[in-house]
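Trainee: I have a model to look at. Can we go through its terms one by one?
Mentor: Yes. Ask away.

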Amino acid sequence: MKKKNIFKIVIFIIVLLIFILLNYFGFMKKNKKEDTNNIDTEVREDYMDMKNNSIMYNDDASLENLKTEYNIIGENDLYEVNTESDGRKVINVKASINYKVAFAGIIKEAKPTFEDVNSLFEKNAPNKNGIWITLADRNKILNYFNNNEYLKYKYKIDDEGYLQIDDNKNPTDMDKKIEKIINGKNQYILNISSMYYMVDTVTGQIVDNPYNELSRYQPYEYVKDEGKMIIFISENKDNYMTENDIFSSLMNLINSIE
């Protein structure tokens, strides 16, 4: 009899504990939901307050006003104002300027000055569409095209530095894609370098961008201006990637843009 009573008491205690725990967790969940709702409300209120009072959401905001708002100190002629999807005004360095700076850095093989940029670009920039390869990298990049698992065509580089088809037998889909690019309306410049020069948005100064030091597995970086693109291919100094990895990533990039 005593055992039966003890058993009932144990069952009662277990049920009571379960009831207490369920109520506790229900209470905590309710409080958490209320806290989350309160946070969401505060965030929305802060966002609306910022939107109503910040220059960056003002349709009439001038470049000078926005520079003050973002603490940007570069010369005005470096920048353009763009509008984000939420209506926010942002300042970016003009694509044409960053493109010329990057190209000038390739030709000079050092950091260019703003005084250098236009003359270096005007004297050395290729003026035809297709795939143009910088002089120092032509042998290595041609080797990429002629020794990989994705292509069957044989390629050559002409006297002006443009990639051309030397033998067009048994093309792969990628060969056909490259042929389309060679004869297309856009221009691609290929250069092997793990860094390039760009204009820092805040200071307006020319700085180096060692992109490959930040990510050893990044196969390339690029700058773009309308129908032109410079692609900087990783030097892959420590062999983190295979040549096929780099080449396929490069072709996927071009394929996604054309």
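Trainee: Which residue follows α3, and what is the sign of its phi?
Mentor: Glu109 follows α3, and its phi is positive, near 60 degrees. Helices are DSSP runs of H or I with at least four residues, strands are E runs of at least two, and both are numbered from the N terminus. This is a predicted model, where local features need pLDDT of at least 70, side-chain atom pairs count only at pLDDT 80 or more, and totals for chains, interfaces and linings use all residues. Residues are numbered from 1 along each chain as its sequence is written, and side-chain values use heavy atoms, without hydrogens and water.

Trainee: How do you know that the span of α3 agrees with what is expected?
Mentor: The expected span is 1.5 Å times one less than the number of residues. For the 14 residues of α3 that gives 20 Å, and the end C-alpha atoms are 20 Å apart, so the two agree.

Trainee: Why is the pair of Phe103 and Trp132 called tilted?
Mentor: Rings of Phe, Tyr and Trp (its six-membered ring) pair if their centres lie within 6.5 Å; planes under 30 degrees apart are stacked, over 60 edge-to-face, the rest tilted. Here the centres are 6.4 Å apart and the planes at 45 degrees, so the pair is tilted. Phe103 sits in helix α3 and Trp132 in strand β3, 29 residues apart.

Trainee: What makes Trp132 count as buried?
Mentor: Buried means under 20% relative accessible area, exposed over 50%, partly exposed in between (1.4 Å probe, protein chains only). Trp132 has 9%, so Trp132 is buried.
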